[in-house]
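Please open the model in your viewer and keep the sequence panel visible beside it. The tour below proceeds by selections, each followed by a description of what is found there.

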Amino acid sequence: MRVRSRRAQGSASGKGDDAPRDADSARGTAETPVDGRWLVRGKDGRLTAYARDEDGLLRWTEERPGGPGWQGPEFFPVPDLTHLGLAQGADGYVHFIGRRSVDGEDGLPEVDLVHAIQYQTGRPVTAWRTLGNPYKDGDERAARIGPPAAGVAPAGTVHVFVRNANGGMMLRREGKNGKWEGWKDLRGTLGKETMAVAVAESGRIELLVPGTNKAMRWTQSEPGGAFEKGANLNVRIAGGAVSVLETAPDRNTYYWTDATTGTLVAHRPDAPAITIGDTPAEGPVAVLRAELDAYDCTVLAHRTRDGRVLLAACGTENEAGGLWWAATGERTSAPPALALDGQGRVVLAVIGEHGGLYVARQNDEPGLALGPARRV
């Protein structure tokens, strides 16, 4: 199995690196990928990439499944956001969950969570509606909640998780009638702001939250059931950056940089961690299951501390067999993204060092060989 890519050459739209920017350049602000899996495939097979800046949401959309043409960036104003993440359901709907902070009359920040939906690829985003705050108005702890993360059950119900003022976890989810239930305290303490939410094909949702010298884990015993807190994992996750991938039915593999050794690891609950790379990842690792040369494989991409993007692949759940990390030639100040396009090819996306979306796509050579990354 080979992993190879080449440096960016020109642009899919015919523009060079110095060409005028579109919606983002008009405002003169830099893009940052939204939290979570920011490159997704819709029901029609087209890919969409999402980023944000200080003014709102940016969106790039493939013109047809498999590309190579793209539209965008389109801009959707969302003022006062401090964080923005997304989660996609089995129905293809993309749910945006943001943390909003505005100055109150007394000068103190007023913080709430907001939610919007994109129902189909390339279609408008709905109005943003508040999900409130786990704390009541006037409680000084309300301003200390963290950024939210979300998971969407196969039935389409959205689960929103957020760190409370003490580092414990709070949950708000849609009920079966479509109305939002009240906030539920999942307990826990000293959690960091980042977390990984996994939705299994069975419908069970699992949550892993890094702490200072531990990681907390919550699971459902059955789809739609209550969340039960399991035993803490005695691990130190650098920067709190953790990613997750379902690698077998109802079994998840977590990926992070070990804060003690500085190495990338893969971890499955109730099993020893496996070292998969000696170059620390700056931020979360992008992970994807793909069929390569008729084998079920896991593809990984991460950003090094000097901004290089590295790519590797291995047999799924065979990280112990070794991975060969190869530099793609791309540089970025933000986490990369991976997805399968409408033709089943691996696609790597990054936000360039100076902005703009760059995309590299798997070519027809054996193994995992990427064509040149192009600005779209």
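A salt bridge is a side-chain nitrogen of Lys or Arg within 4 Å of a carboxyl oxygen of Asp or Glu. Before selecting such pairs, note that this is a predicted model, in which local features need pLDDT of at least 70, side-chain atom pairs count only at pLDDT 80 or more, and totals for chains, interfaces and linings use all residues. Residues are numbered from 1 along each chain as its sequence is written, and side-chain values use heavy atoms, with hydrogens and water left out.

**The whole chain**

Begin by displaying the entire protein chain as a cartoon. Its secondary structure consists of one helix and 31 strands; helices (H or I, at least four residues) and strands (E, at least two) are DSSP runs, numbered from the N terminus. The C-alpha trace spans about 55 × 50 × 40 Å along its principal axes. The radius of gyration, taken over C-alpha atoms, is compared with a globule rule of 2.2 Å times the number of residues to the power 0.38. A compact globule of 376 residues would have a value near 21 Å, and the 20 Å of the protein chain agrees with this. Of the 376 residues, 56% are buried, where buried means under 20% relative accessible area, exposed over 50%, and partly exposed in between (1.4 Å probe, protein chains only).

**Salt bridges**

The structure holds 17 salt bridges. Which residue forms a salt bridge with E282? Select R305: the closest N and O atoms of this pair are 3.9 Å apart. R305 lies in the loop between β24 (295-303) and β25, and E282 in the loop between β22 (274-277) and β23 (286-292), so the pair ties together parts that are 23 residues apart in sequence. R305 is exposed, at 59% relative accessible area, whereas E282 is partly exposed, at 36%.

Next, select E317 and R251, which form a salt bridge with their closest N and O atoms 2.7 Å apart. This pair links distant parts of the chain, 66 residues apart: E317 is in the loop between β25 (308-315) and β26 (326-331), and R251 is in strand β20 (residues 251-258). E317 is partly exposed, with 24% relative accessible area, and R251 is partly exposed as well, with 39%.

Proceed to R173 and E181, whose side chains meet in a salt bridge (3.3 Å, N to O). Is R173 buried or exposed? R173 is buried, at 17% relative accessibility, while E181 is partly exposed, at 35%.

Finally for this part, select E62, D341, R345 and R361 together to view a network of salt bridges that links them.

**A negative surface patch**

Switch to a surface view and select D80, D103, E105, D106, E110 and D137, which form a negative surface patch. Patches are made of residues with over 30% relative accessible area and no salt bridge, like charges being joined within 9 Å and nonpolar side chains (Val, Leu, Ile, Met, Phe, Trp, Tyr) within 5 Å.

Within the patch, D80 is in the loop between β6 (70-77) and β7 (81-88) and is partly exposed, at 40% relative accessible area. D103 belongs to strand β8 (residues 94-103) and is exposed, at 68%. Add Y93 to the selection: D103 and Y93 are 10 residues apart in sequence and 32 Å apart in space, C-alpha to C-alpha.

**A buried strand residue**

Conclude with V242 in strand β19 (residues 237-248), a residue that counts as buried at 8% relative accessibility. The C-alpha atoms of V242 and T194 are separated by 7.6 Å, although the two residues are 48 residues apart along the chain.

How values were computed. Accessible areas come from the Shrake-Rupley method with a 1.4 Å probe; for residues, only the protein chains shown count as cover. Lys and Arg count as positive and Asp and Glu as negative; His and the chain ends are not counted. The place of a charge is taken as NZ of Lys, CZ of Arg, CG of Asp or CD of Glu.
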